[in-house]
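Hi everyone, thanks for coming. I have a short tour for you today, so let me put the sequence and the structure up on the screen.

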Amino acid sequence: MMEGIYENFKSKNPVCQLPVSNPPASIKFNRRCYLSVIIFMVMLSVLLLAGLIILGLFYVDSVRNLSEISDRKDNVTEHLNTVIERLNSNLTEATKKLMDFKQGEMGCPAEWIRFGISCYFFSGESKSWDEAREFCRAREADLVVINSKNEMTFLSAFRDGSIWIGLTDRALEGTWKWVDGSSLTLQFWGEGQPDNGGGITSYGEEDCVETRHAFPGSWNDVSCKNSMKWICEK
Ligand SMILES: [Ca+2]
Ligand SMILES: [Ca+2]
Ligand SMILES: [Ca+2]
């Protein structure tokens with residue numbers, strides 16, 4: 001088959017045809033002809049090689065560009081995630097501040113008094129510590145937790161007499177806990193208090209705390225069954 005093709009090609013389109021009438025001239029012609037073909041083939045090969053080199057360079061450059069784009073995309077994604085995280089954090093903080101503001105400025109129910117970010121209810125009647133706490137919790141509040149000297153000053157200035165506060169050592173004698181579960185750090189015990197009744201049996205076990213008008217040093221532990229006014233906080 002290849003021979004057939006060759007024969008066909010040779011007969012129709014000869015590249016270098018021998019002039020048979022003049023043998024020396026035909027040899028000279030043949031050399032020039034084949035030299036031209038070789039030069040043409042070499043140039044063609046050089047051009048092809050140059051083309052391949054250019055394509056290779058383009059390929060390397062494209063791969064490098066893609067790699068840079070991928071790196072930039074990762075950086076941008078990371079930056080965006082950081083920004084989103086920061087925005088979420090700011091939004092949460094702003095929402096909390098808004099809620100605190102609403103509770104502090106506008107959210108106090110009638111007959112409740114605002115101080116700082118809390119609302120306070122000062123009772124007119126008297127109850128045991130448990131009944132007083134039940135009253136507060138029914139109003140989505142609890143007995144007052146005194147977190148600062150300012151809060152203590154505010155409460156003392158507002159009400160004299162004995163008042164229940166949300167402090168007890170009922171769970172473990174001598175270990176005082178606020179009703180929100182926090183431990184006692186800032187404290188305003190009166191002299192000699194707490195004494196858990198001081199061994200006087202008529203006082204009974206003293207596991208709840210009253211605050212009195214005197215300040216500082218106005219707290220005293222008393223029996224939770226005593227009846228007195230109270231302060232709720234929410
Ligand atoms: Ca408080
Ligand atoms: Ca006690
Ligand atoms: Ca006492």
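Let's begin at Trp-176, and keep in mind that this is a predicted model. Is Trp-176 buried or exposed? Trp-176 counts as buried because 21 other C-beta atoms lie within 10 Å, and the cut-off for that label is 20 or more. You'll find Trp-176 in the loop between E4 and E5. Leaving out residues up to four places away in sequence, Trp-176 touches Leu-167, Asp-169 and Leu-184. Here is another pairing to look for: Asp-207 is 31 residues away from Trp-176 along the chain, yet their C-alpha atoms are separated by 8.7 Å.

From there, please move to strand E6, residues 208-211. Which residues point which way from E6? Cys-208 and Glu-210 point one way, Val-209 and Thr-211 point the other way, and all of them are buried. E6 runs antiparallel to E4, with 4 bridges joining the two, and Thr-168 stands opposite Cys-208. E6 is also antiparallel to E7, again through 4 bridges. In that pairing, Thr-211 has Trp-219 of E7 as its bridge partner.

Now for the core. How many residues does the largest nonpolar core have? It has 26, and the residues with the most contacts inside it are Leu-143, Val-144, Trp-164, Ile-165, Trp-230, Ile-231 and Cys-232. Several elements each supply at least two residues of this core, including strand E2 (118-122), helix H4 (149-158), E6 and strand E8 (229-233). The element that gives the most is E4, with 4 residues. Take Ile-165 as an example: setting aside neighbours within four places in sequence, Ile-165 is in contact with Leu-143, Val-144, Ile-146, Val-209, Thr-211 and Ile-231. Val-209 and Thr-211 are the two residues we just saw pointing the same way from E6.

Let me step back to the whole chain. The protein has 4 helices and 8 strands, and along the sequence the pattern reads α-α-β-β-α-β-α-β-β-β-β-β. Of its 234 residues, 16% are buried. Among contacts with a separation of 6 or more, 56% are between residues 24 or more positions apart.

Next, a stretch that comes with an annotation. Where does UniProt place the feature "transmembrane region"? The record, an unreviewed entry, puts it at residues 33-60. In the model, residues 33-60 are 100% helix and 0% strand, and the C-alpha atoms at the two ends are 41 Å apart.

Finally, some backbone details that are easy to miss. The peptide bond from Gln-193 to Pro-194 is cis, with omega near 0 degrees. Pro-194 sits in the loop between strand E5 (177-178) and E6. Asn-196 is in the loop between E5 and E6 as well, and has a positive phi of about 50 degrees although it is not a glycine. Asn-196 is partly exposed, because 16 other C-beta atoms lie within 10 Å.

Glu-140 also has a positive phi, of about 55 degrees, and is not a glycine. That residue lies in the loop between helix H3 (129-137) and strand E3 (142-143). Why does Glu-140 count as exposed? Glu-140 has 9 C-beta neighbours inside 10 Å, and a residue is called exposed at 12 or fewer, so the label fits.

That's my tour. Thanks for listening!

Terms used. Residues are numbered from 1 along each chain as its sequence is written. Chains are lettered from A and ligands numbered from 1 in the order in which they are written. This is a predicted model: local features need pLDDT of at least 70, side-chain atom pairs count only at pLDDT 80 or more; totals for chains, interfaces and linings use all residues. UniProt positions are given in the numbering used here, feature names are shortened, and annotations may be inferred rather than shown by experiment. A nonpolar core is a set of buried Ala, Val, Leu, Ile, Met, Phe, Trp, Tyr and Cys residues joined through C-beta atoms within 7 Å. Two residues are in contact if their C-beta atoms, placed from the backbone, lie within 7 Å. Two strands pair if DSSP finds at least two bridges between them.
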